[in-house]
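Here are some short exercises to work through with the model open beside you. Try each task before reading its solution.

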Amino acid sequence: MAKNYAALANAVVSALGGKDNIVAVTHCMTRLRFVAKDESLIDSATLKSISGVLGVVRNDNQCQVIIGNTVSQAYREVVNLLPADMQPAAPQGPQKLTLKRIGAGILDALIGTMSPLIPAIIGGSMVKLLAMILEMTGVLTKGEPTLTILTVIGDGAFFFLPLMVAASAAVKFKTNMSLAIAIAGVLVHPSFIELMAKAAQGEHVEFAFVPVTAVKYTYTVIPALVMTWCLSYIERWVDRITPAVTKNFLKPMLIVLIAAPLAIVLIGPLGIWIGSGISSLVYTIHGYLGWLSVAIMGALWPLLVMTGMHRVFTPTIIQTIAETGKEGMVMPSEIGANLSLGGSSLAVAWKTKNPELRQTALAAAASAIMAGISEPALYGVAVRLKRPLIASLISGFICGAVAGIAGLASHSMAAPGLFTSVQFFDPANPMSIVWVFGVMALAVVLSFVLTLILGFEDIPVEDDAEKARALQTAPVQAKAAQA
């Protein structure tokens with residue numbers, strides 16, 4: 001049954017305190033992400049009760065409303081309700097700096113920057129895999145122009161990732177996008193890449209008597225992200241010191257002359273060291289624990305998705321695939337995690353007596369199993385009914401262990417599902433095909449059986465009728481409360 005996204009958007013905006021309380025809104029693969037002026041006006045209970053809303057996640061400065069795979073349709077309707085010139089409200093005084101706030105700010109910046117880029121990264125990954133398969137099967141031979149062009153198409157999003165990160169981060173940090181892209185462009189300019197290659201071979205390279213560290217910036221995330229954050233402060237400072245009559249030419253020139261050398265000499269190398277340090281930490285753990293680290297990640301993955309922490313691994317995965325051609329810890333763990341949520345949802349659809357829940361569970365299962373998009377199953381079924389979540393976590397651990405023992409690794413970054421299983425195929429190891437499908441089948445069957453064994457408290461049909469009546473009266477009650 002098709003959803004009424006206009007009604008859904010109206011109900012969501014109303015539960016958020018009305019359109020005047022919304023500072024900004026964006027969306028990722030499955031979530032609407034709101035920033036509110038006054039968080040006390042947000043009615044989380046009403047938000048969660050809205051038909052079509054799978055869950056709500058709150059943090060220091062965001063309210064995330066989980067819609068599912070059709071989030072873009074809900075987003076369009078929400079945007080139609082908000083002013084076209086919506087601008088963020090000014091901060092209400094300084095906020096106390098704490099470790100928790102710093103950590104939340106870093107996580108928010110990383111997620112807010114990377115989430116809009118995921119479609120391009122997935123699209124490029126799948127095209128690269130297509131080129132690999134065509135070459136592996138002999139349909140296209142190495143060096144053939146068609147194969148080269150396909151490879152370039154797939155590699156474009158990764159090679160120029162610093163430009164994409166700079167553009168996305170400029171929106172997040174509210175700084176000039178064209179300047180951010182221009183400065184990031186310096187890091188991937190062919191002449192600069194050639195200069196860095198010479199520096200890597202031992203040639204002394206310096207800028208204005210300052211030594212330049214030999215660094216390769218293509219395929220990286222952290223340097224451009226940190227650079228754009230710094231740019232937001234540099235731009236404000238330059239704006240204050242430049243006379244009004246010279247702003248149109250002097251301001252951008254000074255910004256570029258300050259930010260670009262700073263990126264080359266300090267921020268870029270620092271960002272590379274941070275990214276490499278995080279990757280080294282993750283894969284050192286993998287080196288010590290082996291298959292057990294994949295199993296633990298398989299059990300924790302749904303919980304990381306619930307908090308948004310799963311996006312923290314995006315730069316690590318991209319950098320590891322760029323350096324080694326594959327990733328063997330996080331991505332394999334997702335196979336069991338995603339398909340286990342799908343299997344639990346199938347069990348709920350099999351056993352429930354509630355027609356609406358059955359429809360939700362079937363759609364969620366298809367999304368998780370076929371496409372690897374697990375949030376509809378996570379929020380629409382598992383979290384909602386509790387015990388299916390436990391079954392999924394147990395199954396995710398066991399399937400992660402099997403994937404780790406089999407040595408599965410991904411050559412891409414698409415969400416693991418049946419349609420994207422090709423990313424785990426290793427041309428040098430034909431048995432990888434058997435292992436991938438074996439882990440997928442085990443995840444679905446095991447989580448299905450565990451969910452039936454653990455059981456769940458079914459949602460009575462009459463509760464849905466009450467929920468519908470509550471939804472109809474919620475906007476009226478909200479208006480009355482505001483009056």
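The exercises below cover a cysteine site, disulfides and a helix pair.

This is a predicted model, where local features need pLDDT of at least 70, side-chain atom pairs count only at pLDDT 80 or more, and totals for chains, interfaces and linings use all residues. Residues are numbered from 1 along each chain as its sequence is written, and side-chain values use heavy atoms, with hydrogens and water left out.

**Exercise 1.** Locate Cys 28 and describe its surroundings.

Solution. Start with the record: UniProt, in an unreviewed entry, places the feature "active site" at Cys 28; such annotations may be inferred rather than shown by experiment. Next, find Cys 28 in the loop between strand E1 (22–27) and strand E2 (31–36); strands are DSSP runs of E, at least two residues, and helices runs of H or I, at least four, numbered from the N terminus. Cys 28 has a relative accessible area of 8%, so it is buried (under 20%, with a 1.4 Å probe and protein chains only). Finally, leaving aside neighbours within four places in sequence, Cys 28 contacts Arg 33, Val 71 and Ser 115 (heavy atoms within 4.5 Å).

**Exercise 2.** Count the disulfides, taking cysteine sulfur pairs within 2.5 Å.

Solution. The count is zero. For burial, Cys 230 is buried at 17% relative accessibility, and Cys 399 is buried at 0%.

**Exercise 3.** How do the axes of H11 and H12 cross?

Solution. Take H11 (residues 247–289) and H12 (residues 291–307): their axes come within 5 Å and cross at roughly 120 degrees. Axes are lines fitted to C-alpha atoms over the stretch in contact, with angles from 0 to 180 degrees between N-to-C directions. That makes H11 oblique to H12 (not under 35, over 145 or 65 to 115 degrees).

Note on methods: Buried < 20%, exposed > 50% of the residue type's maximum accessible area, 1.4 Å probe, protein only.
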